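Student: Please take me slowly through one part of this structure, the nonpolar core and what lies around it. I would like each term explained when it comes up.

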Amino acid sequence: MTALEFIKKIFFVEILMGLSVTVKHLFSPPVTRQYPLEKREPVPGARGLHALVRDSETGNARCVGCGLCAAMCPSQCIHIYTSEGEDHEKIVDRYEVEVLRCVYCHLCVEACPYAALALTDHFAYSGYTREEFYYTKEMLLENWDKYMSGNKGMDYIKKFWRPRSGDFEKKVIKQPEEKIEK
Ligand code: SF4
Ligand code: SF4
């Protein structure tokens, strides 16, 4: 043991240095938030509750039932049921998400060629039964109206939707005057 180490030991220098950190923080303001009375502002792009994008012109879901999102989903929690319409077009009869099985990986959103699906920033949701977290097409469209209304939805798509291929861009991003960065 060196002389310096010996002096440090008999005068409890390390302990006093540690205590000084504690004493310093005794007079700093607390950083704890009293949730749910105090809530943080939602973070754009936070991966919360799912929503189906409602087309602003038709008022219907944008989803065409291609099934890519369900194929990409590692939790296999997306269930899509389609039928054939009069002109042989695909009709999405049911689009359902088992939210409790979701791992919020965002792959479904990134895989969708039509920007028809979103993860909203609403993350503080709760319920008493598993059934409450089985979201149907209507519930998912309601989520869009509730949590992504106004420009918020389009801002989300521009920022967090990935495909953006030339084929789909004009159809999906309905503000052609605003050029999308590639
Ligand atoms: S976020 Fe991931 S786990 Fe959740 S539904 Fe989408 S693909 Fe599935
Ligand atoms: S990938 Fe998009 S368009 Fe295809 S089924 Fe999923 S949400 Fe609908």
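Tutor: What follows begins with the whole chain, goes on to the core, and then turns to its surroundings.

This is a predicted model, in which local features need pLDDT of at least 70 and side-chain atom pairs count only at pLDDT 80 or more, while totals for chains, interfaces and linings use all residues; side-chain values use heavy atoms, with hydrogens and water left out. Residues are numbered from 1 along each chain as its sequence is written, whereas chains are lettered from A and ligands numbered from 1 in the order in which they are written.

The chain has seven helices and five strands, where helices (H or I, at least four residues) and strands (E, at least two) are DSSP runs numbered from the N terminus. Read from the N terminus on, these elements follow the order α-α-β-α-β-β-α-β-β-α-α-α. Of the 182 residues in the chain, 31% are buried; buried means under 20% relative accessible area, exposed means over 50%, and partly exposed lies in between (1.4 Å probe, protein chains only). If we take the contacts (heavy atoms within 4.5 Å) between residues at least 6 apart in sequence, 63% of them join residues at least 24 apart.

Now to the core itself. A nonpolar core is a set of buried Ala, Val, Leu, Ile, Met, Phe, Trp, Tyr and Cys residues joined through side-chain atoms within 4.5 Å. The largest one here has 34 residues, and among these Tyr95 and Tyr156 touch the most other members. Two or more residues come from each of β1, β3 (90-98), α4 (107-111), β4, α5 and α6, and α5 is the element that gives the most, with four residues. As background, nonpolar side chains tend to be buried together in soluble globular proteins.

When residues up to four places away in sequence are not counted, Tyr156 touches His106, Val109, Leu117, Ala118, Leu119, Met148 and Trp161. His106, one of these, sits in the loop between β3 and α4 and counts as buried at 5% relative accessibility. The phi of His106 is near 80°, which is a positive value in a residue other than glycine. That deserves a remark, because most residues other than glycine have a negative phi.

His106 also belongs to the surroundings of ligand 1, together with His50, Cys73, Pro74, Ser75, Cys77, Ile78, Cys102, Val103, Tyr104, Cys105 and Cys108; a residue counts as near a molecule or strand if one of its heavy atoms lies within 4 Å of it. This shell divides into nine nonpolar, three polar and no charged residues, with Ala, Val, Leu, Ile, Met, Phe, Trp, Tyr, Cys and Pro counted as nonpolar, Asp, Glu, Lys and Arg as charged, and the others, Gly among them, as polar. Tyr95, in turn, is one of the residues that surround ligand 2, and others among them are Cys63, Cys66, Cys69, Ile80, Cys112 and Pro113. The shell of ligand 2 holds 10 nonpolar, two polar and no charged residues.

Tyr95 also offers a way to look across to helix α5, where Met139 has its place: the two residues are 44 residues apart in sequence, yet their C-alpha atoms are 9.8 Å apart in space. Met139 counts as partly exposed, at 28% relative accessibility.

Finally, two of the core's elements also take part in charged pairs. The structure holds four salt bridges, a salt bridge being a side-chain nitrogen of Lys or Arg within 4 Å of a carboxyl oxygen of Asp or Glu. In one of them, the closest N and O atoms of Asp121 and Lys152 are 3.1 Å apart; Asp121 lies in the loop between β4 (117-119) and β5 (134-135) and Lys152 in helix α6 (residues 151-160), so this pair ties together parts that are 31 residues apart in sequence. Asp121 is buried, with a relative accessible area of 12%, while Lys152 is partly exposed at 35%. In another, the side chains of Asp145 and Arg54 meet at 2.8 Å, N to O, and this pair links distant parts of the chain, since Asp145 is in helix α5 (residues 137-147) and Arg54 in the loop between β1 (50-52) and α3 (68-72), 91 residues apart. Asp145 is partly exposed at 37% relative accessibility, and Arg54 is partly exposed at 27%.
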